[in-house]
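Welcome! Here is a short guided look at one structure, taken one region at a time. Keep the view open beside you as you read.

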Amino acid sequence: MLKQPASAVIPGSGAISTTGDKSSSQSPAPQAKTESRPPSINAGKQSQTLCRNILIHGYCKYENSGCIFRHDTTPAQSQSPAKLEGSKKRLNVDSPSFMPGSVGSGGAATQSALSVQSADSAIFVPRMATPVSDPTQSKSYTNVTGVDIYGQKPVLNSQFAHGYHPISQPMGVDSSPVPQSIQAPTYDYSSIGPYTQPSQDLYYHQAQPAHYQPLNYHLYAPLPPHSINALPYQRTVQGFFLSDNLREELQRKTEATLQILPTSGLPETLDVYYSLVPLDTNTEKSSRIFGYSSWIYKAFSKSDGNTYALRRLEGFKLTDEKAIATVQQWRRLSNANIVTLFEAFTTRAFGDNSIIFVYDYHPLSSTLFDTHFGASARYPISRSPVVPEQVLWSYLVQLSSALKTIHSANLAARVLDPSKVILTSKMRVRLSAVGIMDVISGNGDYNSRAESIAAIQQDDLYNLGRLILSIACNNHAISANATVPSQVIAKSLEYAGQSYSVGLKTALLYLLGNRPVSAVAIGTDGLQEPLKSIEEFLRIIAPYLQQNLNSSLHYQDTLESELCKELENGRLVRMLCKFNFINERPEYDHDSAWSETGDRYLLKLFRDYVFHQSDENGHPVVDLGHVLRCLNKLDAGVDEKIMLVSRDEQSCLVVSYKELKNCVDAVFRDLSRPNG
Ligand SMILES: Nc1ncnc2c1ncn2[C@@H]1O[C@H](COP(=O)(O)OP(=O)(O)OP(=O)(O)O)[C@@H](O)[C@H]1O
């Protein structure tokens, strides 16, 4: 229970009586008392005054028990005697309909119903800090004490102990009545410590009838996948935010991307690249793969500010300029399992002849070699020698997809080694050194050597088989040695057949099988044999492609769901930033005229309403659900009205989120104007 103010609220009409202005109210209780009171000299006058209960509730339950106010809504002057007689009926067909929002809009009935005291109240005329963007949106905050908040500063001395006063009446979509049958499920929020019960709005977003259909921009609409049957204690506040694991991983990647090494001893710049950071985990360089020692660095680009991975081949002297042109062919490839190659250039910045290949940078990646054969694995798959079959299929499918793109572009991967396949997140592999062999072997002009490319593509299939088999058998030698004896391959296949399914063995047999490695293959029977192809291989593993597609779509759903949460939170951050720009500005510290007048005063009260509520015992109410709900409604600018109470509880303001949003925008625009 949150503390209630000592004030009565008249929804919609804006007429509110407070402890500070008791005289201006006309409540049912005093009216009831008047029954026993002797008729006063004002009795005749009062009988001309329309009973306020008629205005507010449409009827007065004291009408027949002594209420001396008028209950016929036809203007008194124009009432015929016959009508006057009939005026004892509560409402009749001539009764004007009740218009909750008519205060201030000049409704005749409303005006005639205002008491003499109300007539004395100052008319609230908001002062515009800057013109509001939408001229049709008139501001009409209801100042319940009759104090013009724009001209006169309310007294705000006492300790704040203002309560929780939502006037949750149907002014907007979310306040419309919810049918009983589709009430939002009860949500147990008790498990999350100080956070109290969240709003129904946070969870409940489909029960509104179709005719209340403006978009509910202030509601959270979590996307699937949801955790099925989660117990209350499992549904924590984390449900509103990015999962911890994902957030941590993304943050670590950001950190790695931004890392710099001021004293690395590396050249300060390489072409347009600067701030080089070595990525090699292995300081002992071998020339096994490329025939040259290779190094890899992270660097920022001056031209676009992005981060790239620069692979350097030490001591390479380019003799054929045309060879480097093949990079353009690689650059055009678009495949999620290939690290994009952007450009290549030669340099003497390291004091030798080096060639640099520029790739996309994938922070915190780890090679398949490090993962399965190395001492440290960034994405540990399994420490047991038997790698789960699902993992092998995942690699096989992804690398096949990469080969399909490469072969379709009339190119060949040529390097399919565990040290040149990187894991960029869990089970996500990419070929990391494409295009290099084409440049350094000067063999890029495949068009003139159709036979050669076909043969190299056959090698790709064979090398893919060796790569997967070496991981399946936990034997690096199978992939490290290009001329591994066929007996070793056969024995390893037999071994793999014991641990893995027939499907996997069949796939590996196709890749490693005794097919010709030349474009025109002649079999032992003298007949021409068809070449293996990646298309044919994909047909063989088709059932496993579906499984892989399914899991990657599941993962995509999960990420989209996480993104959806952050979308909402992004809006809140924006709103909070604006809010903090406005509230408690130190330069206006001693200028209460700044913070306690006009739009800014409303926002100050709104901040108290959102963050600084206290319960009936004076304890702070820490309700994250309430905060999220309020800020989302503010950002969406819904029509729902709330009552803001000053810290001394002497004045209340009824204001809609829409008006508050206009205030935020106006004040923020004011602040951001060059001359402030
Ligand atoms: N494009 C890239 N983006 C980010 N990191 C990468 C990229 N390519 C490779 N790496 C990382 O750089 C490190 C070194 O890669 P490299 O290919 O040199 O492997 P290596 O094991 O050192 O092989 P070698 O002995 O042949 O140099 C690995 O941790 C790898 O994950």
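## Around the ligand

Sorted by class, the shell around the ligand holds six nonpolar, seven polar and five charged residues. Please keep in mind that this is a predicted model. Which residues come nearest to the ligand? Of the 18 residues around it, they are Lys285, Arg311, Asp360, His362 and Lys420.

It also helps to see where the shell comes from along the chain. At least two of its residues are supplied by each of three strands: S6 (294-301), S7 (307-314) and S10 (366-367).

## Polar side chains facing the ligand

Now you can zoom in on some single atoms. Arg311 places a polar side-chain atom 2.8 Å from an oxygen atom of the ligand. For Lys420, a polar side-chain atom likewise lies 2.8 Å from a ligand oxygen atom. With Ser365, the ligand atom is a nitrogen, and a polar side-chain atom of Ser365 lies 3.0 Å from it. How much of the ligand's exposed area does the protein bury? Taken alone, the ligand exposes 620 Å², and the protein buries 95% of that.

## A sheet of three strands

Strand S10, which you have just met as a supplier of shell residues, is also part of an open sheet. This sheet has three strands in the order S10-S11-S12, and their pairing is antiparallel. Which strands form its edges? They are S10 and strand S12 (428-431), each of which pairs on one side only.

Take a look at the pairing between S10 and strand S11 (residues 421-425): the two run in the antiparallel sense and are joined over two bridges. To find one such link, start from Thr367, whose bridge partner in S11 is Ile422. A helix joins the picture here too: helix H10 (residues 389-408) lies across S11 and S12, and runs at about 30 degrees to S12.

## Two loop residues with positive phi

Finally, here are two spots in the backbone to visit. Most residues other than glycine have a negative phi. Against that background, Asp271 has a positive phi of about 55 degrees, although it is not a glycine. You will find Asp271 in the loop between strand S4 (269-270) and strand S5 (273-278).

The other spot is Asn474, which is not a glycine either, yet has a positive phi of about 50 degrees. Where does Asn474 lie? Look in the loop between helix H12 (450-472) and helix H13 (476-480).

Methods: Residues are numbered from 1 along each chain as its sequence is written. This is a predicted model: local features need pLDDT of at least 70, side-chain atom pairs count only at pLDDT 80 or more; totals for chains, interfaces and linings use all residues. Side-chain values use heavy atoms; hydrogens and water are left out. A residue is near a molecule or strand if one of its heavy atoms lies within 4 Å of it. A polar contact is a pair of N or O atoms within 3.5 Å; within protein, one must be able to donate a hydrogen and the other to accept it, and residues adjacent in sequence count only if both atoms are side-chain atoms. Accessible areas come from the Shrake-Rupley method with a 1.4 Å probe; for residues, only the protein chains shown count as cover. Helices (H or I, at least four residues) and strands (E, at least two) are DSSP runs, numbered from the N terminus. Ala, Val, Leu, Ile, Met, Phe, Trp, Tyr, Cys and Pro count as nonpolar, Asp, Glu, Lys and Arg as charged, and the others, Gly among them, as polar. Two strands pair if DSSP finds at least two bridges between them. Contact means heavy atoms within 4.5 Å. Axes are lines fitted to C-alpha atoms, for helices over the stretch in contact, and angles run from 0 to 180 degrees between N-to-C directions.
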